[in-house]
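Biologist: Got a minute to go through this one with me? I'd like to start with how the helices pack.
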Amino acid sequence: MRLYLKYLSIHIKSQMQYKVSFFLTVTGQFLTSFSAFLGIYFMMTRFNKVDDFSFSEVLLCFATVLIAFSLAECFARSFDTFSGMIGNGEFDRIMVRPRNEMFQVLASKLELSRMGRLIQAVIVFAYAIPASGVAWSADKVITLVLMIISGIAIFSGLFVIYAAFCFFTTEGLEFMNIFTDGGREFGRYPLSIYGEGILRFFTFVIPLALFQYYPFLYLTGRSANVLYILFPLVGFMFLIPCHIIWKIGVRHYKSTGS
Amino acid sequence: MKKYLSFFRIRFVNGLQYRTAAYAGIATQFAWGFMEILIFKAFYNADAAAFPMEFSQLSSYIWLQQAFLALFMLWFLDNEIFSAISSGNIAYELSRPIDLYFMWFTKNLAIRLSKAVLRCMPILIVAAFLPSPYGIVLPFSFLGFLAFLAAMLLALFTVVAFSMLIYIATFYTLSPLGIRIVALSLTEFLSGAVIPLPFLPDNVRKIVEATPFASMQNLPLRIYSGNIAGSEMLRGISLQVFWLTVLVLAGRLWIKKALKNVVVQGG
């Protein structure tokens, strides 16, 4: 942990060297996800409700997913760009060091510019938390915090799987984007609006619904099932298969020789 | 003219090489289109009366958008041009007896077309077999189909003409990333890539439809399903021609000015 903090402080210092470019990228990130927000805004003002969720409830959902995604991307970005690491032989250097490979990959990059998204998510959050009509008691606050933490874990897990596939293909698999970027894009609405089948898929295969949908039902008072508070914790179990896939990948690793 | 054609051919054939990437892309875009349609379906169920187009028109819009993604995505730019400008390799290009603007223009056309050719057919074929109203419908009419093709071509040219302005802006800033993201984030929305423009409130839509961005994917995709027809269609296509001319002229003038005081970076 101490070592990781050390890595982090180095990354922060190095990114602060290029301040103008840093702030432009942050602004850009902010604006990019802003168009997604505009999409929701115009759709919801036209239709008022979707699957019985109101505008401010959808915003709460959107902000939760966006916060979880941007934090995951900020810290686990190195897995997202892992194909580059294999391609230039960087991973060979990692293998010969006496530390866990996963830890080193994780620590090798920190993408602070993703803060642009985070800032936007926080602003939306600040609006949606009072506007959503949720009575914020202690259990609801805990639920929301668990949702975000679990979301970070699940998105990071997806990035790890994405990276692990690179061991077999050297190139990144574009198809995984459906679950990472797609998870962000489609998670802006509660997952039930896509119908029963898709909801089941996102519960049992890619467990986005565990942090985005079920606890959300409890949060908005649609369900009184207290167990839903704990569903985000179940989401952490997703990290186990991710870790196994990563291990298999490392064992399969053949250097590209560069 | 011949040299531009060969630039076009080289880039086009080169683009056709990446077939595996294309297959992965097809699967992604198919899943993406499918999810998009489910979102709109949920809104349709919420309030069918507020839905501004027929559902089958929307499905066609989404499938065409996914199939021809490479033609219209504004963020899809040629990194070689950016690195040529910031590394100084542009000096080689400048010493050749060619027009830089048209060379970049044809290169961009070729890359976009080769990507789209590889990807469009499987998506369109599968989408054609989906049950109504989720699949793509046959074109509205034969004449409408011809207009659709013309509008597609003009839209593609408009997109490339717009990206030329972004390349040229790099002469002044050298760091392409910032300007690129700032320029592209909102244009994406204005061109109807996030939600089709009919879903905007009427007064907002009218303003957006006058911008060059509405002359991009918005117009051809809506002409195809008959959402825009008749005199509105003619007006749309004339607006396309207008914006295309303006963008090309602006680009030509700007690049001339930029090249006059270009500073070649490094050796």
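**Helix packing and chain contact**

Modeller: Sure. The crossing of α2(B) and α3(B) is right-handed. Keep in mind that this is a predicted model.

Biologist: At roughly what angle do the axes of α2(B) and α3(B) cross?

Modeller: Roughly 155°, and the two axes come within 9 Å. The helix stretches are residues 19-46 of chain B for α2 and residues 55-67 of chain B for α3.

Biologist: So parallel or antiparallel?

Modeller: α2(B) is roughly antiparallel to α3(B), because the crossing angle falls over the 145 degrees that counts as such.

Biologist: Which residues make that contact?

Modeller: From α2(B) you have Gln29(B), Phe30(B), Trp32(B), Gly33(B), Glu36(B), Ile37(B), Phe40(B) and Tyr44(B). α3(B) answers with Phe55(B), Leu58(B), Ser59(B), Ile62(B), Trp63(B) and Gln66(B).

Biologist: How does that set divide by class, nonpolar, polar and charged?

Modeller: The contact of α2(B) with α3(B) has 9 nonpolar residues, 4 polar and 1 charged.

Biologist: OK, zooming out. How many helices and strands does chain B have?

Modeller: 12 helices and 0 strands. Its elements, read from the N terminus, are α-α-α-α-α-α-α-α-α-α-α-α.

Biologist: And chain A, how many of each?

Modeller: Chain A has 14 helices and 2 strands. The radius of gyration of chain A is 19 Å, close to the 18 Å from the globule rule for 258 residues, so chain A is as compact as a globular protein of that length.

Biologist: What does the radius of gyration look like for chain B?

Modeller: Chain B has 19 Å, which agrees with the value near 18 Å for a compact globule of 267 residues. The C-alpha trace of chain B spans about 60 × 40 × 35 Å along its principal axes, and for chain A the spans are about 55 × 40 × 35 Å.

Biologist: What share of the residues is buried in chain A, and in chain B?

Modeller: In chain A, 44% of the 258 residues are buried. For chain B, 43% of the 267 residues count as buried.

Biologist: Switching to the contact between the chains: how many residues does each one put in?

Modeller: Chain A puts in 32 residues and chain B 28. On the chain A side, the elements giving two or more residues are α2 (19-47), β1 (49-50) and α9 (181-186) of chain A.

Biologist: Which element gives the most there?

Modeller: α2(A), with 16 residues. By class, the side of chain A that touches chain B holds 17 nonpolar, 11 polar and 4 charged residues.

Definitions and conventions:
Residues are numbered from 1 along each chain as its sequence is written. Chains are lettered from A and ligands numbered from 1 in the order in which they are written. This is a predicted model: local features need pLDDT of at least 70, side-chain atom pairs count only at pLDDT 80 or more; totals for chains, interfaces and linings use all residues. Two residues are in contact if their C-beta atoms, placed from the backbone, lie within 7 Å. Helices (H or I, at least four residues) and strands (E, at least two) are DSSP runs, numbered from the N terminus. Ala, Val, Leu, Ile, Met, Phe, Trp, Tyr, Cys and Pro count as nonpolar, Asp, Glu, Lys and Arg as charged, and the others, Gly among them, as polar. Axes are lines fitted to C-alpha atoms, for helices over the stretch in contact, and angles run from 0 to 180 degrees between N-to-C directions. Angles under 35 degrees count as roughly parallel, over 145 as roughly antiparallel, 65 to 115 as roughly perpendicular and the rest as oblique. A crossing is left-handed if the near helix is turned anticlockwise from the far one by less than a right angle, and right-handed if clockwise. The radius of gyration is taken over C-alpha atoms; the globule rule is 2.2 Å times the number of residues to the power 0.38. A residue is buried if 20 or more other C-beta atoms lie within 10 Å of its own, exposed if 12 or fewer, and partly exposed in between; C-beta atoms are placed from the backbone.
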